[in-house]
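User: Could you take a close look at one part of this structure for me, the open sheet with parallel pairing, and then place it among the other features worth a visit? I would enjoy a connected walk through it.

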Amino acid sequence: MGLSAPRESPLRVTTLDLPAAADSLAASPPPVPGTSTLPDEVPGLVLADGPGGAAGTTGDLLDVLAPTTGERLLRVEDTSPDLARDIAAAVAGTSRTDWAWLSAQDRARFLFAVSDVLGGHVRALAVTAALTTGRPLAAGFTLDVPAAHTAAFSAAGWADKLESVGAAHRPGGGVVVLLTTWRTSTADTLSAVVAALATGCGVVLRARPAAAASARQFVRLLEEAGLPAGLVRSAPGADAATDATLWAHPDLVAVRADGSADDLRAVGVALAGRGTPLLQRPDAPHVDVVLAGADLEAVSLALVEAAIGGAHERPGGSRVLAHRSVVDALVERVAPVVSRLRTGHPLDRATAVGPVPTPHLARAAREVLDATAGLPAGLPAGGWWAPPGVATVGRHSAWPPPGPVPGVRSIRSADDALTHLAGAGSVTVWGGELGTEVPAPPDPRQDALDLLRACRG
């Protein structure tokens, strides 16, 4: 009410104004071990976005530990069921009164502004991801934010084309809940938020503790883009009763969630009774199948990138099935390069591999490498560090955990590869065909399109 859409020319050209990489990274020196000083971008305390703009502690304060040291980095309010109910109701109300009644063209214009203002939030998002999840700052600048810009811009373009993609405008508004974790990339979050808003719904960011600081920054980004205050709110925490309150909320339209198979199964069971759509991305492994005709140079480059991306880009792990005629040559190419990747503080611009996002992943990754694989001197004590490497895996051995250690297993033929693909989230085939359809790598833009359709009235 009282909201007017910005003027827009018929031809739209948008650019992402990123800070100069060298200057931005140089401005973020690694903290001195033992100090508790946080960069300005990262809050020491993250509270839920209460209705009416009020933010107050109603639940326990949860500690978020720093992957670099294992010490407490910040604290997050564990949103109570009552407050979560109020937040969802307030978001639904805002969607009805200030958003859903806009024309499709006007909603699209506001949503395009999200990608326009993203450039001003590059540093905050990248620094927060670096300190809370260990994602190297350089990757945040060069990969994550440009991907988020593309995904958000693409999702905004669907706002006035809903009927053409089998979706629908919801004139009565509603709430979409996004369950985000350390696994959820900037691109995934923004594309899902924009897609939900495109249909006329509001959004509750149900951020797990490690994702709570980033969720708060997303809320600020969206309000800076001119969206109605309160249309997107965060309700951080991990309380199961609060989850249940959100899944049972009468204004809930759809849920988009990341997480482990067990966590997502629990969400699916809770939503099944009421028929609420659940869009999910489980932590399933990515598998590279390398056949005899593969270009080993191209494969090697891809596997080095997979080691650098680690659990952030492949949260289910990185597995390689290589034909026995090329497996030795592939390992000889990749292993020395991966072992030389620089492991360091995620705010150091020279870092290729930062700490692993969780302590148990770090321990498991270290266990699969030779005892000779060590970490460079000078890293903060107590951090969740794992040296990058390549592990050769037997036919009946366990695969390495998600992190900077791809596992390589020898196969006899393309048919032999099929027996090892059960449970794979995505597959890339090099040098031939498997003769069967394989799952494609995750695509935030396709996820946004699926969410649009799930929100149909």
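Analyst: Happy to! Please keep in mind that this is a predicted model. The sheet you ask about is open and has five strands, in the order β11-β12-β10-β9-β13, with parallel pairing. Its edge strands are β11, residues 391-392, and β13, residues 426-430, and each of these pairs on one side only.

Let us go through the pairings, starting at the β11 edge. β11 and β12 run parallel and are joined by two bridges. Here Thr392 stands opposite Val408 of β12. The next step in the order takes us from β12 to β10, and this parallel pair is held by five bridges. In this pair, Leu321 has Arg409 of β12 opposite it. On we go to β9, which spans residues 286-290 and pairs in the parallel sense with β10, residues 318-323, over five bridges. There, Val290 has Ala322 of β10 as its bridge partner.

β12 deserves a second look. Four of its five residues are buried, so β12 is largely enclosed by the rest of the structure. For that statement, a residue counts as buried when its relative accessible area is under 20%. Part of the surroundings of this strand is a helix: α11, residues 327-339, lies across β9, β10 and β12 (407-411). Relative to β10, helix α11 runs at about 135°.

Elsewhere in the chain there is another open sheet, this one with three strands in the order β1-β3-β2 and mixed pairing. Its edges are β1 (45-46) and β2 (61-65), each pairing on one side only. β2 pairs with β3, residues 72-77, in the antiparallel sense, over five bridges. Within that pair, the bridge partner of Val64 is Leu74 in β3.

Now to a loop residue. Trp99 sits in the loop between α2 (81-98) and α3 (104-117). Trp99 counts as buried because its relative accessibility is 0%. What does Trp99 contact, leaving aside its neighbours within four places in sequence? The list includes Arg107, Phe110 and Leu111, and also Leu197, Gly200 and Cys201. Leu227, Pro228 and Leu231 are among its contacts too. Cys201 is 102 residues away from Trp99 along the chain, yet their C-alpha atoms are separated by 7.8 Å.

Finally, the enclosed spaces. The structure holds three cavities of 30 Å³ or more. The largest contains about 100 Å³ of space. Its lining is made up of 16 residues, and those nearest its centre are Gly310, Ala311, His312, Gly354 and Pro355. By type, the lining of the largest cavity divides into nine nonpolar residues, six polar and one charged.

The second largest cavity has about 40 Å³ of space. Its lining consists of Leu178, Leu179, Thr180, Thr184, Asp188, Thr189, Ala192 and Arg256. The elements that give two or more residues to this lining are β4 (175-180) and α6 (186-198). In the second largest cavity, the lining splits into three nonpolar, three polar and two charged residues.

To return to where you started: if you trace the parallel sheet on screen, follow the order β11-β12-β10-β9-β13, and pause at β12, where four of five residues are buried. From there you can pick out helix α11, which lies across β9, β10 and β12.

Notes:
Residues numbered from 1 in each chain as written. Predicted model: local features only at pLDDT ≥ 70, side-chain atom pairs only at ≥ 80, totals over all residues. Heavy atoms only, no water. Pairing = 2+ DSSP bridges. Contact = heavy atoms within 4.5 Å. Axes fitted to C-alpha atoms, helices over the stretch in contact; angles between N-to-C directions. Buried < 20%, exposed > 50% of the residue type's maximum accessible area, 1.4 Å probe, protein only. 1 Å grid on protein atoms, 1.4 Å probe; cavity = no way out; pocket = protein on both sides within 12 Å on 5 of 7 lines; lining within 4 Å. Points joined across faces, edges and corners; volume = space filled by probe spheres on them. Nonpolar A, V, L, I, M, F, W, Y, C, P; charged D, E, K, R; others polar.
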